[in-house]
Amino acid sequence: MKDIKSQAQDCKVQVLVCTNERPGGKSCCHKFGGQEFYLALKNRLKQEGLYDTHWVTRTGCLGFCNDVGTAVAIYRQNEPTQWFNEVTAEDMDSLWKEIVRE
């Protein structure tokens, strides 16, 4: 078993992006861009050199299913988690400002 505590301490921000798929045509974040938003955010973090300190994780259902966009949570240590719903590609720039703020 490998202890990853030191690596985890380097994480300033963790972003959770719902990419959940639901059968039978039910509303789900995957159907409304969750996977695409996750990949775009991941690529932007890599391009900006932030991938080691700003983590993005795709998740199953976060419980905010809708017919517009995905659910996103931004977690920082010692701060309340920020929750966003109905997030679409058009929201990337405004969400980006929340993710990279110090």
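These are my notebook entries on a few things I looked up in this structure, which is a predicted model.

**Entry 1: the cysteines**

I began with a simple question: how many disulfides does the count come to? The count comes to 0 disulfides. I wanted to know why, so I looked at cysteine 61 and its closest cysteine sulfur. That sulfur belongs to cysteine 65, and it lies 3.8 Å away, too far for a bond. The cut-off helps here, because a disulfide needs the two sulfur atoms within 2.5 Å. I then turned the view around and started from cysteine 65, whose closest cysteine sulfur is in cysteine 61, at 3.8 Å. I also checked how open the two residues are. Cysteine 61 is partly exposed, with a relative accessible area of 43%, and cysteine 65 is partly exposed at 34%.

**Entry 2: a hairpin**

Next I followed strand 3, residues 70-75, and strand 4, residues 82-87. In which sense do strand 3 and strand 4 pair? I noted that they pair in the antiparallel sense, over 4 bridges. If you want a spot to find by eye, try valine 72, which stands opposite phenylalanine 84 in strand 4. The two strands form a hairpin, with 6 residues between them.

**Entry 3: two positive phi values**

I kept a general point in mind for this one: most residues other than glycine have a negative phi. Asparagine 78 caught my eye, as its phi is positive, near 65°. I found asparagine 78 in the loop between strand 3 and strand 4. Is asparagine 78 buried or exposed? Asparagine 78 is exposed, with a relative accessible area of 82%.

My other find was glutamate 86, which is not a glycine and yet has a positive phi of about 60°. Glutamate 86 lies in strand 4. I wrote glutamate 86 down as partly exposed, at 39% relative accessibility.

**Entry 4: two helices crossing**

Last, I turned to helix 2, residues 34-47, and helix 3, residues 92-100. Their axes come within 12 Å and cross at roughly 55°. That angle is not under 35 degrees, and it falls short of the 65 to 115 range for roughly perpendicular, so helix 2 and helix 3 are oblique to each other. I noted the crossing of helix 2 and helix 3 as right-handed.

Which residues of helix 2 meet helix 3? On the helix 2 side I listed Phe37, Ala40, Leu41, Arg44 and Leu45. They meet Met92, Asp93, Leu95, Trp96 and Ile99 in helix 3.

Note on methods: Residues are numbered from 1 along each chain as its sequence is written. This is a predicted model: local features need pLDDT of at least 70, side-chain atom pairs count only at pLDDT 80 or more; totals for chains, interfaces and linings use all residues. Side-chain values use heavy atoms; hydrogens and water are left out. Buried means under 20% relative accessible area, exposed over 50%, partly exposed in between (1.4 Å probe, protein chains only). Two strands pair if DSSP finds at least two bridges between them. Axes are lines fitted to C-alpha atoms, for helices over the stretch in contact, and angles run from 0 to 180 degrees between N-to-C directions. Angles under 35 degrees count as roughly parallel, over 145 as roughly antiparallel, 65 to 115 as roughly perpendicular and the rest as oblique. A crossing is left-handed if the near helix is turned anticlockwise from the far one by less than a right angle, and right-handed if clockwise. Contact means heavy atoms within 4.5 Å.
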